[in-house]
Amino acid sequence: MNSRLPVTLAGLCIALTAAGAGSVPISEERIEATKRDALHVDRRDETGHRPMIPRGSIRKVDSPLGGASSDWHALGPFGGDLTDVAASTTASGFVLAGIAPGGGNGGTLYRSTDNGSTWMPVVGLASTSVYDIEFNARGRAFIGTENGVWSSEDDGATWIRHELGIGPGQMVLDVGLDPSNADIIWAGVADAFGGQPANLLKSTDGGETWVDRTPPHPAPMSGTGIAVAPDDSQTVIAIFGGAFGGGEVWTTTNGGASWTNRSTGLPNHPLRAVHFDGTRLLDGGGQAYASQYLGLYGSTDLGQTWT
């Protein structure tokens, strides 16, 4: 989804296979047409002609079964690895989408003002990978990027960067917003293959200044997810994942002043996602290329026991 990149075959897979993956093979003609016509989707009408659908419009891709269309509509932006998407909490129609090719650098932030019908890259963040997008209740947007935390007061039209004060290695994989206090922001930072020990930061002034709140794990480990209790700013769950293996979950009930390791009962694999509704805690993760499967685990006692 870099600027001006074409539609990729992989980007259409969900819609093409939703009506029955593997039951009927997609024709070679259809595959080649998709590759060849980078800005349009292959949909032939009754005369055998292929209508030209403008890039950025909502696409409804026919089922390979030839019958009813699938239940999914391809919205774009196309051409890369979509890492996160979020809609404004205060302005109707405004949506942000971030990409990070292969999870690495050189991505882009895209912005839509019409609920995803059309997209434009955000010029000030060209070639900047975006890993997480969050809107607080006031409509202020925060993104975690390859070079730190950025925020916007105008639904993504303009952005300012917040210096984290931890030297080089400011790749932010997750931004955690406090539901009950808009000034409290958390940031999960990549470990830079062991070169960045500050992996969890906290701001109490809207991102102006930051304090290192990394739990006392033995070695740097990327901060991959943060969840703040919906009605308690002091209760926070932070999850971590190693570049080549290992994972941890830590909890605090005093805003990060001290932490408890709640990894017992979980596979020692990278954690990637966390959710907490105030009662039930959910953690998920794994690392496919190393066969370090984890799946989804739940806890109703803040990680003391897991199912």
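How many bridges pair β15 with β16, and in which sense do the two strands run? The answer is two bridges, in the antiparallel sense. Hello everyone, and thanks for coming. Before I go on, please keep in mind that this is a predicted model.

Let me start with confidence. The protein chain has an average pLDDT of 82, and 77% of the residues score at least 70. The stretch to be careful with is residues 1-67, where the pLDDT is below 50. That stretch does have 108 contacts in the model beyond near neighbours in sequence. Still, where pLDDT is low, the predicted coordinates should not be read in detail. I'll spend my time elsewhere.

Back to the sheet, then. β15 and β16 belong to an open sheet of four strands, in the order β13-β14-β15-β16, with antiparallel pairing. The edge positions are taken by β13 and β16; each has a single partner strand, so one side of each has no neighbour in the sheet. If you'd like to find the β15 to β16 pairing on the screen, look for Thr-251, whose bridge partner in β16 is Thr-260.

Now the other end of the sheet. β13 and β14 run antiparallel and are joined by seven bridges. Together they form a hairpin, with two residues between the strands. One bridge to look for is Ala-227, which partners Ile-237 in β14.

Here is a question for you: why can we call β13 largely enclosed by the rest of the structure? Because eight of its eight residues are buried. So β13 is an edge strand with a single partner strand, and yet the rest of the structure largely encloses this strand.

Let's zoom in on one residue of the hairpin, Thr-235. You'll find it in strand β14, residues 232-241. Is Thr-235 buried or exposed? Its relative accessible area is 9%, and buried means under 20%, so Thr-235 is buried. Its side chain makes a polar contact with the side chain of Asp-232, at 2.6 Å. Setting aside neighbours within four places in sequence, Thr-235 touches Ala-227, Val-228, Ala-229, Thr-252, Thr-253, Phe-276 and Leu-302.

Two names in that list deserve a second look. Ala-227 is the residue we just met as the bridge partner of Ile-237. Leu-302 sits in the segment after β19 (292-299), and its relative accessibility of 19% counts as buried. Leu-302 also has a phi near 60 degrees, a positive value in a residue other than glycine. Asn-115 shows a phi near 60 degrees too. Asn-115 is in the loop between β3 and β4, and with a relative accessible area of 53% this residue is exposed. One more backbone detail: a cis peptide bond joins Gly-76 and Pro-77, with omega at about -5 degrees. Pro-77 lies in the loop between α2 and β1. I point these out because most residues other than glycine have a negative phi, and most peptide bonds are trans.

On to the aromatic rings. The count comes to two aromatic pairs. In one of them, Trp-186 and Trp-259 have ring centres 6.2 Å apart and planes at 85 degrees, so the pair is edge-to-face. Trp-186 is in strand β10 and Trp-259 in the loop between β15 and β16, so the pair ties together parts that are 73 residues apart in sequence. Trp-186 counts as buried at 0% relative accessibility, and Trp-259 counts as buried at 13%.

The other pair is Phe-193 with Phe-244, which is tilted, at 6.1 Å centre to centre and 40 degrees between the planes. Phe-193 is in the loop between β10 and β11, while Phe-244 is in the loop between β14 and β15, 51 residues apart. Both of these phenylalanines are exposed.

Last stop: Pro-215, in the loop between β12 and β13. This proline is buried, with a relative accessible area of 3%. Beyond its neighbours within four places in sequence, Pro-215 is in contact with Leu-200, Phe-240, Trp-250 and Trp-259, and Trp-259 is the tryptophan from the edge-to-face pair. The C-alpha atoms of Pro-215 and Ser-258 are separated by 7.5 Å, although these residues are 43 apart along the chain.

That's my tour. Happy to take questions!

Notes
Residues numbered from 1 in each chain as written. Predicted model: local features only at pLDDT ≥ 70, side-chain atom pairs only at ≥ 80, totals over all residues. Heavy atoms only, no water. Buried < 20%, exposed > 50% of the residue type's maximum accessible area, 1.4 Å probe, protein only. Polar contact = N/O pair within 3.5 Å; in protein donor to acceptor, adjacent residues only side chain to side chain. Contact = heavy atoms within 4.5 Å. Pairing = 2+ DSSP bridges. Phe/Tyr/Trp six-rings, centres within 6.5 Å; stacked < 30°, edge-to-face > 60°. pLDDT = per-residue confidence, 0-100.
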